[in-house]
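Colleague: I'd like a close look at one small part of this model before we discuss the rest. Could you start there and work outwards?

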Amino acid sequence: MKHEHHLYVCNRESEELQRHIMFRDILRKHPLLVSEYSNLKIQLSSEFRDIRKDYTEGKTEFVTRIMKEYKDVL
C-alpha cells in the first residue's frame, strides 16, 4: 500500500522539535542548502518510491551532516 501523506508529531518541549526548528533555521539562512535538500528529496523519492524507510534514511544522513556543520553558525 502506498501512503499519500506522512504526518510527524512531537511534543512542543521535546528535543526532537528543537532539532527540527534548528534545521529549519539553518535552511532559512543558507538558501543553497535548500536547493541541495530539495534535489536530494526528489532523487530519493524517485529511487525509493515505495520504501519509506530508505527515503527517510537518505534524508537523515543529509540532515545530520548539516546539523553538525552549521549548529554553531546560528
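Colleague: What is the relative accessible area of E16?

Modeller: E16 comes out at 26%, so it counts as partly exposed; that class covers everything between buried (under 20% relative accessible area) and exposed (over 50%), using a 1.4 Å probe and protein chains only. Before going further, keep in mind that this is a predicted model, where local features need pLDDT of at least 70, side-chain atom pairs count only at pLDDT 80 or more, and totals for chains, interfaces and linings use all residues. Residues are numbered from 1 along each chain as its sequence is written, and side-chain values use heavy atoms, with hydrogens and water left out.

Now for what E16 is doing. Its side chain meets that of R19 in a salt bridge, at 2.4 Å from N to O; the term needs a side-chain nitrogen of Lys or Arg within 4 Å of a carboxyl oxygen of Asp or Glu. Both residues sit in helix α1, 3 residues apart, or about one turn of the helix. (Helices here are DSSP runs of H or I with at least four residues, numbered from the N terminus.) R19 is partly exposed too, at 41%.

There are 6 salt bridges in the structure. One of them joins the side chains of E36 and R65, with N and O 2.9 Å apart. That pair ties distant parts of the chain together: E36 belongs to helix α2 and R65 to helix α3, with their positions 29 residues apart. E36 has a relative accessible area of 37% and R65 has 35%, so each is partly exposed. Another salt bridge pairs E57 with K53, the closest N and O atoms being 3.0 Å apart. These two share helix α3, 4 residues apart, again about one turn. E57 is partly exposed at 38%, while K53 is exposed at 57%. Coming back to your residue, salt bridges with shared partners join E15, E16 and R19 into one network.

Also in helix α1 is Q18, partly exposed at 44%. Its C-alpha atom is 14 Å from that of K68, 50 residues away along the chain.

Next, the aromatics. Rings of Phe, Tyr and Trp (its six-membered ring) pair if their centres lie within 6.5 Å; planes under 30 degrees apart are stacked, over 60 edge-to-face, and the rest tilted. That rule gives 3 aromatic pairs. F23 and Y37 are edge-to-face, because their planes are at 80°, with the ring centres 5.2 Å apart. They link helix α1 (residues 15-29) to helix α2 (residues 31-47), 14 residues apart in the chain. F23 and Y37 are both buried. Y37 also pairs with F62, and this one is stacked, at 5.2 Å centre to centre with 15° between the planes. Here the link runs from helix α2 to helix α3 (residues 52-70), across 25 residues. Y37 has a relative accessible area of 13%, and F62 has 5%. F23, Y37 and F62 thus make one aromatic cluster.

Those three also turn up in the largest nonpolar core, which has 12 residues, I26, L40 and M67 among them. Such a core is a set of buried Ala, Val, Leu, Ile, Met, Phe, Trp, Tyr and Cys residues joined through side-chain atoms within 4.5 Å. Helices α1, α2 and α3 are the elements that each give two or more residues to that largest core.
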